[in-house]
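Visitor: I should like to learn how the features of a protein model are read. May we look at one together?

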Amino acid sequence: MQPPPTEVLLRDAQDPLAGARERFHLPEGLIYLDGNSLGPAPVGVFRELQHAVAEEWAGDLIASWNDAGWFALPRTLGARLAPLIGAAADTVLVCDTVSINLFKCLHAALALRPERRVIVAEQAGFPTDLYIVSGIVGTRPDLAMRLQGRDGATLEELIGGDTAVVLVNHVDYRTGALRDMAALTARAHEAGALILWDLCHSAGILPVALEAAGADFAVGCGYKYLNGGPGAPAFAYVRPDLAAQVQPALSGWLGHQAPFAFAAGYAPAPGIDRLRVGTPPVLSLAALDAALDAFDGVSLDELWSKGQALAALFLETVEAHAPPGALRLASPRDPAMRGSQIAFHCASGYAVMQQLISEGVIGDFRDPDIIRFGFAPLYLRFAEVEAAARRLGDILATRRWDRAENHARAAVT
Ligand SMILES: *Cc1c(COP(=O)(O)O)cnc(C)c1O
């Protein structure tokens with residue numbers, strides 16, 4: 001491969017975030033454009049896990065629930081994460097999975113609008129979001145779901161006087177399209193509906209302003225751009241003035257106002273703590289805690305402008321090198337309209353991605369024909385992104401992706 005052009009090297013030399021790369025363990029020679037699916041391991045995680053196991057668990061055993069702050073971790077981490085999503089420290093809880101938090105928040109929102117029957121969502125939304133909505137509708141035959149892409153062209157036109165809650169992805173997981181949070185939240189509120197934002201592909205990559213937008217609920221992922229590790233706990237946000245009205249559907253003991261009173265009846269904790277369910281996964285929380293150190297001192301505006309610049313460089317280099325017609329852009333062309341992600345429609349996209357991976361560039365494939373690349377600005381260099389784009393162009397031009405072993409599907413794509 002030829003070396004990167006001088007102007008690309010110059011951009012790395014002038015990058016104010018360049019130093020943050022040292023906060024991550026990245027295998028030598030690999031170009032990792034899949035931080036939107038599983039973030040790489042931050043170096044601080046190794047030490048933190050060693051400490052949590054050797055000192056806290058092995059050494060201090062059960063005393064660590066108090067002494068090492070284990071019990072408070074869902075809230076301590078919520079407070080650390082809050083500035084990344086434009087929320088106050090005591091309005092975010094780190095807990096459970098996105099799917100479970102979606103269930104909890106949807107259920108709570110529906111109970112706050114008992115006279116309304118409709119959940120508005122996106123047909124092209126992340127599948128688990130739709131599955132959770134269908135699951136709830138399945139147990140409540142009085143409810144209905146109305147989907148953008150099936151029942152109407154836009155979310156806005158589907159929101160009406162019968163809408164209880166709107167569930168929407170801030171950044172589309174396939175195309176990277178970015179929604180206007182303030183405008184859509186205002187539209188939902190005008191109709192008297194509540195809104196639940198899924199931040200899986202925006203938290204940790206761009207400035208999110210939940211409180212300023214007046215958002216009611218939000219959920220997001222710990223293992224993508226937040227780099228918390230495989231299966232890292234997710235997070236949930238509830239608008240401060242709504243939290244006291246939330247009736248938890250998963251009324252577990254740790255969401256009780258006095259879990260260690262072991263009372264017979266359930267009474268929810270004040271505020272966001274009522275979204276707690278059961279015993280938290282302490283080791284996973286410890287890993288996420290160390291991972292959040294990677295954001296220390298980082299400006300979200302700088303993060304986003306670098307992410308946009310990386311994505312733009314990738315797009316322009318791919319378009320200069322790929323044969324005409326081999327790829328069709330699935331992402332918005334305007335950087336202001338997308339997250340830090342570029343996706344293309346690509347015939348035989350699975351095989352093309354397999355070939356690219358075998359040549360040291362990791363992206364991923366999403367059915368039916370999307371190849372997807374995430375640009376996490378904390379650790380990526382402009383030179384890597386430029387090289388990855390040229391390699392993709394070259395693979396398409398030579399058709400060397402067309403080998404039998406590239407067509408066999410693995411369980412996780
Ligand atoms: C990754 C992702 C999820 C993951 O949900 P889990 O229950 O944590 O596995 C949910 N929604 C979106 C939009 C995602 O991108």
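Visitor: Which residue in β15 does Phe344 stand opposite?

Guide: As a general idea, strands of a sheet pair through backbone hydrogen bonds, either parallel or antiparallel. In this predicted model, Phe344 stands opposite Ile371 in β15. The pairing of β12 with β15 is antiparallel and runs over five bridges.

Visitor: How many strands does the sheet have, and in what order do they come?

Guide: The sheet is open and has four strands, in the order β11-β12-β15-β14, with antiparallel pairing. β11 (328–329) and β14 (364–366) have a single partner strand each and stand at the edges, so one side of each lacks a neighbour in the sheet. Helix α12 (residues 300–321) packs on the sheet, where it touches β11, β12 and β15 (370–374). The direction of α12 makes about 30 degrees with that of β12.

Visitor: Over how many bridges do β11 and β12 pair, and in which sense?

Guide: β11 pairs with β12 (residues 341–345) over two bridges, in the antiparallel sense. Here Arg328 has His345 of β12 as its bridge partner.

Visitor: How many of the five residues of β12 are buried?

Guide: A residue is called buried when its relative accessible area is under 20%. Four of the five residues of β12 are buried, so this strand is largely enclosed by the rest of the structure.

Visitor: Can a helix be read in the manner of a strand? How many of the ten residues of α13 are buried?

Guide: For helix α13 (residues 349–358), seven of the ten residues are buried, so the helix is largely enclosed by the rest of the structure. The buried residues are Gly349, Tyr350, Ala351, Val352, Met353, Gln355 and Leu356. They pack against β13 (361–362), β14, β15 and α14. After α13 comes Gly360, with a positive phi near 90 degrees.

Visitor: Which residues have a positive phi although they are not glycines?

Guide: Two cases can be described. Asn227 has a positive phi of about 60 degrees and is not a glycine. Asn227 lies in the loop between β9 (217–220) and β10 (234–238), and its relative accessible area of 3% makes it buried. Arg399, also not a glycine, has a positive phi of about 55 degrees. Arg399 is found in the segment after α14 (382–398).

Visitor: The peptide bond is another backbone feature. Which residues are joined by a cis peptide bond?

Guide: The angle to read is omega. Asp367 and Pro368 are joined by a cis peptide bond, with omega about 0 degrees. The loop between β14 and β15 holds Pro368.

Visitor: Let us turn to the surface. Which residues make a nonpolar patch of about 500 Å²?

Guide: That surface patch is made by Val53, Trp57, Leu61, Ile62 and Leu283. Leu283 belongs to helix α11 (residues 282–292). Its relative accessibility is 33%, so Leu283 counts as partly exposed, a class that lies between the limits of 20% and 50%.

Visitor: Trp57 is part of that patch. Which residues, Trp57 among them, does Ser64 touch?

Guide: Leaving aside residues up to four places away in sequence, Ser64 touches Glu56, Trp57, Gly69 and Trp70. Ser64 lies in helix α3 (residues 64–67) and is buried, with a relative accessible area of 1%.

Visitor: Is Ala322 buried or exposed, and what does it touch?

Guide: Ala322 counts as buried, because its relative accessibility is 15%. Ala322 lies in the loop between α12 and β11. Apart from residues up to four places away in sequence, its contacts are Leu327, Gly393 and Leu396.

Visitor: How is separation in sequence set beside separation in space? How far apart are Ala322 and Ala68?

Guide: Both separations are stated for the pair. Ala322 and Ala68 are 254 residues apart in sequence and 54 Å apart in space, C-alpha to C-alpha. For Ala72 and Val352, the values are 280 residues in sequence and 46 Å in space, again C-alpha to C-alpha. Ala72 lies in the loop between α3 and α4 (73–81), and at 39% relative accessibility it counts as partly exposed. Val352, in contrast, is one of the buried residues of α13.

How values were computed:
Residues are numbered from 1 along each chain as its sequence is written. This is a predicted model: local features need pLDDT of at least 70, side-chain atom pairs count only at pLDDT 80 or more; totals for chains, interfaces and linings use all residues. Side-chain values use heavy atoms; hydrogens and water are left out. Two strands pair if DSSP finds at least two bridges between them. Contact means heavy atoms within 4.5 Å. Axes are lines fitted to C-alpha atoms, for helices over the stretch in contact, and angles run from 0 to 180 degrees between N-to-C directions. Patches are made of residues with over 30% relative accessible area and no salt bridge: like charges are joined within 9 Å, nonpolar side chains (Val, Leu, Ile, Met, Phe, Trp, Tyr) within 5 Å. Accessible areas come from the Shrake-Rupley method with a 1.4 Å probe; for residues, only the protein chains shown count as cover. A salt bridge is a side-chain nitrogen of Lys or Arg within 4 Å of a carboxyl oxygen of Asp or Glu. Buried means under 20% relative accessible area, exposed over 50%, partly exposed in between (1.4 Å probe, protein chains only).
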